[in-house]
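User: I'm new to this one, so please pick a single strand and go through it slowly. After that, tell me how its chain meets the neighbouring chain.

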There are 2 protein chains.
Amino acid sequence: MSAIRHALTTRRADDFAGWYQEVVSAADLAEESGVRGCMVIKPWGYGIWERMQRLLDARIKDAGVDNAYFPLFIPLANFTREAAHVEGFAKEMAVVTHHRLIADGKGGLVPDPEAKLEEPLIVRPTSETIIGDAMARWVQSWRDLPLKINQWANVVRWEMRTRMFLRTSEFLWQEGHTAHETSEDARIETMRALEMYRAFAQDQCAIPVIAGEKPENERFPGAVETWSIEAMMQDGKALQAGTSHYLGTSFADASGIRFQDREGTQQLAHTVSWGMSTRMIGGLIMTHGDDDGLRVPPQIAPWQVVILPMLRGDDGDAALLEYCEALKIAATKEWAFDEKLRILLDSRPGKVAAKRWDWVRRGAPVIIEVGPRDMEQGRVSLLRRDRLWNAAGKADFTNPQREEATGSLSAVLADIQASMFAGAVEQRDARIERGITGFEQLAAFFAEDQHQPGWAEVQWARPTGTELEQVVERLKALKLTFRNVPLDAAAADGPCLFTGAPAVERILVARAY
Amino acid sequence: MSAIRHALTTRRADDFAGWYQEVVSAADLAEESGVRGCMVIKPWGYGIWERMQRLLDARIKDAGVDNAYFPLFIPLANFTREAAHVEGFAKEMAVVTHHRLIADGKGGLVPDPEAKLEEPLIVRPTSETIIGDAMARWVQSWRDLPLKINQWANVVRWEMRTRMFLRTSEFLWQEGHTAHETSEDARIETMRALEMYRAFAQDQCAIPVIAGEKPENERFPGAVETWSIEAMMQDGKALQAGTSHYLGTSFADASGIRFQDREGTQQLAHTVSWGMSTRMIGGLIMTHGDDDGLRVPPQIAPWQVVILPMLRGDDGDAALLEYCEALKIAATKEWAFDEKLRILLDSRPGKVAAKRWDWVRRGAPVIIEVGPRDMEQGRVSLLRRDRLWNAAGKADFTNPQREEATGSLSAVLADIQASMFAGAVEQRDARIERGITGFEQLAAFFAEDQHQPGWAEVQWARPTGTELEQVVERLKALKLTFRNVPLDAAAADGPCLFTGAPAVERILVARAY
């Protein structure tokens with residue numbers, strides 16, 4: 001038992017799922033809304049999403065992709081055009097059937113039978129078909145290509161069992177949709193988006209990921225190739241944190257995205273789609289959370305530094321507030337990661353210790369407390385969220401001069417960002433097993449009594465069709481799934497773990513969210 | 001007849017509604033989506049919305065309001081709690097009744113009768129009730145107040161006759177919702193939001209507005225007071241461009257937002273809501289558009305400067321592109337309105353004259369063309385969108401040295417912003433008639449054969465109830481509405497135009513969108 005009195009009730013090691021729920025609540029990220037399957041994203045959780053949006057959006061714009069906005073509602077007919085896509089999506093969706101309510105005569109309201117839609121509308125679960133319709137209007141010639149569009153939007157996929165940020169009926173995401181002249185151009189865009197997600201996850205969210213191609217059975221419905229970034233959570237499970245799909249010409253065919261090529265011949269465009277969602281916040285929690293709550297990497301923290309004055313409700317408060325205001329103004333002139341620092345002076349009523357633990361649970365990277373003694377000495381008390389406890393089991397405050405503290409904030413934040421990423425890489429790498437060659441050995445590695453085993457990278461012969469289905473079933477019996485074939489994996493040099501045939505590549509096997 | 005060959009087919013003066021539609025299309029702002037009542041907001045239109053969002057969001061954050069996100073779906077029961085609110089909203093709304101589709105046996109899909117929702121869900125037309133539910137959970141004590149929340153979201157109000165940006169079934173907006181200890185605090189917030197919209201509209205969108213209180217009959221359903229900013233369009237009609245509502249305690253009562261006050265007594269919170277939507281883009285078009293398309297004020301232009309190289313598909317292109325790249329890099333180092341300049345080098349294939357007119361129609365504030373002769377002389381050809389034509393009816397290019405051009409861009413953009421606003425103010429002020437004292441005179445001013453009359457500011461006794469209804473009916477017969485009682489109107493000093501009783505204030509009368 002640790003001597004430390006941690007800020008959460010549930011320990012990660014004891015009950016990971018319960019711990020996750022407690023972090024979501026204790027860090028003020030989100031809560032149940034009372035509407036089935038939908039959550040309320042609270043200000044601190046939404047602030048993290050806004051930071052993610054701003055950073056990823058800059059990368060999207062840099063790539064020459066334009067943001068646009070398409071209808072929330074999709075006509076039913078759109079879903080029946082692309083056969084594989086229907087299979088994958090036309091199941092659990094919200095269906096709008098009426099456009100008016102009338103009084104039911106008992107003080108309530110009911111859908112007006114007179115206002116039934118001729119054709120029901122679907123609340124978008126994804127926008128390939130509606131954006132495809134627009135692209136068909138916008139593309140006539142090869143000169144109109146590439147056409148690169150992104151949408152930030154809410155989407156709905158009806159879910160029976162929900163889990164905040166990881167699986168909710170409504171969620172927020174961005175969906176990139178691009179159309180190209182050639183298969184080669186489309187594949188280059190597919191890989192550009194994948195690399196964009198990898199860099200965003202690692203360099204900004206401090207979440208290490210492995211980029212690779214999904215096997216056939218895990219492809220997006222209708223796609224030719226699906227690529228993903230996969231992150232390892234602290235319980236050893238995998239989380240797919242972003243995907244990029246090369247869709248070939250089938251979506252273009254279904255939507256009629258045709259163009260006159262350089263030789264004057266009509267061709268179908270090659271399309272690509274790529275997406276990242278509020279799921280990333282779930283990944284953030286399970287990568288960086290600890291037994292004291294969330295830790296937010298400085299680049300995506302809504303507030304990077306929170307200043308807490310020890311107000312006592314007496315005459316001394318005015319001078320203390322002034323001291324803190326000066327500190328805030330000085331610190332706001334500093335920059336980190338090419339942006340001005342984001343500093344909150346939290347002078348709401350309440351005890352400073354209670355407020356400190358609120359901000360620890362939320363995961364603000366740096367907390368600065370200022371009491372009357374600090375002020376007398378021209379100092380502050382500074383706490384790094386990534387190094388919360390000292391050897392004696394106390395909150396590990398340092399006590400620098402005020403000017404020294406403000407001058408060092410930029411470097412401190414950069415150091416927190418780097419050390420959070422390095423720590424997560426180290427944890428992850430220690431748990432990827434590359435030596436497994438037989439199925440029994442694989443089963444043993446993932447045995448139920450094995451505590452949080454991690455991932456296995458195994459050699460395989462890339463079976464297809466029925467042969468692949470059989471392999472997938474065998475894995476499913478162990479609650480395992482294929483994640484992806486890592487881009488940077490070593491070459492195959494032995495037999496396929498599943499079929500014994502000569503392996504052609506290496507693939508990750510894991511339990512997953 | 002003007003000798004100028006304008007870039008649009010329809011003249012504002014001939015057919016304002018037709019001209020509006022042509023601008024929406026010719027400036028690449030939006031188009032019909034094929035989904036009833038829903039539009040596609042195209043990249044240039046969405047880019048303008050993103051700029052509006054960013055600028056208004058900064059003001060919202062500066063006021064200590066936190067962004068958050070609430071469910072798209074609202075349970076039916078929420079709508080029956082606040083009687084006046086039901087009256088106002090529970091009519092034309094999208095109703096979700098099923099959560100699954102099944103095959104109809106004829107190759108199509110239908111809602112699955114097995115997956116009918118026990119209680120239908122409404123796609124939010126506004127979020128007072130769902131945010132009220134959350135506030136009821138978050139507020140216990142006076143220490144939790146004020147609670148200030150904002151949401152950027154899509155909302156749906158089923159519309160039979162739609163008009164892009166002005167009236168569509170789905171639109172984008174922000175809705176601020178705040179809860180306060182006292183009526184006084186809530187009224188202060190109501191006015192803060194109103195002033196925020198006034199400053200945003202005028203100082204950033206260059207749209208002159210009049211801020212004032214709506215009369216009783218124009219209040220938000222359930223509100224105690226509704227305030228608005230009203231802008232005059234070039235056809236003389238009014239557009240309500242932002243509203244702020246003091247809701248009293250009735251919404252708090254319906255949602256159960258109660259708190260223990262400083263004396264330990266349970267009290268209802270006083271709530272406020274305020275909103276601004278993509279309608280503002282409609283206001284932008286009708287304030288700043290001309291017979292050559294849209295003019296976008298520099299502060300909200302996605303690209304402030306567009307550089308067009310005169311490429312000829314020969315060996316000279318490389319040097320010309322290099323010259324333009326250098327120009328772009330130099331210009332990107334300049335700042336305007338406390339932000340780096342936004343510069344596009346548009347080197348897509350196509351003739352420069354065609355591209356110039358594309359950007360004129362879209363309304364980019366400054367267009368810089370560079371041909372081989374410009375390059376030889378170290379010069380550029382610069383066109384201001386707000387001064388497009390010279391006296392000879394030609395595009396009014398100036399021909400500065402390259403360094404002079406880049407060095408002056410910041411000042412040029414500031415001048416365009418200021419002159420667009422000043423021009424709009426001048427047009428508006430000339431068309432507000434303050435001398436009308438009788439109803440016949442009012443009717444004559446707004447007579448059908450009167451071309452685009454403008455607004456009348458008249459004295460009234462602020463009748464209420466049935467008396468007000470009668471006045472509203474008389475105005476309605478002339479297609480007129482009350483807009484607001486301007487905050488800065490002169491004091492009343494005569495009889496009420498409608499009742500003859502001593503007037504208490506002045507109110508704007510106008511046709512409106």
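Analyst: **A close look at E13 of chain B**

Let's start with one pairing: Thr243(B) has Gly275(B), in E16(B), as its bridge partner. Keep in mind that this is a predicted model, where local features need pLDDT of at least 70 and side-chain atom pairs count only at pLDDT 80 or more, while totals for chains, interfaces and linings use all residues. Residues are numbered from 1 along each chain as its sequence is written, chains are lettered from A and ligands numbered from 1 in the order in which they are written, and side-chain values use heavy atoms, with hydrogens and water left out.

Strand E13 of chain B covers residues 238-246, and 8 of its 9 residues are buried (under 20% relative accessible area, with a 1.4 Å probe and protein chains only). Strands here are DSSP runs of E with at least two residues, and helices are runs of H or I with at least four, numbered from the N terminus. Two strands pair if DSSP finds at least two bridges between them.

So who are its partners? E13(B) and strand E16 of chain B (residues 270-277) run antiparallel, joined by 4 bridges. With strand E12 of chain B (residues 225-232), E13(B) also pairs in the antiparallel sense, over 8 bridges. There, Met232(B) sits opposite Ala238(B). E12(B) and E13(B) form a hairpin with 5 residues between the strands, and in it Gly236(B) takes a positive phi near 90°.

Now for the neighbouring chain. Chain B puts 63 residues in contact with 62 residues of chain A, contact meaning heavy atoms within 4.5 Å. About 5,200 Å² is buried between the two chains, and carbon and sulfur atoms give 66% of that. Buried area is the accessible area (1.4 Å probe) that two parts lose on being put together, summed over both. Tyr69(B), Leu101(B) and Leu109(B) supply 13% of what chain B buries against chain A, more than any other three residues.

There's charge pairing too: the rule finds 6 salt bridges across the interface of chain B and chain A, each a side-chain nitrogen of Lys or Arg within 4 Å of a carboxyl oxygen of Asp or Glu. One salt bridge brings together the side chains of Arg100(A) and Glu92(B), at 2.5 Å from N to O. Helix H2 of chain B (residues 43-62) provides the largest share of the side of chain B that touches chain A, with 6 residues.

How values were computed
Buried < 20%, exposed > 50% of the residue type's maximum accessible area, 1.4 Å probe, protein only.
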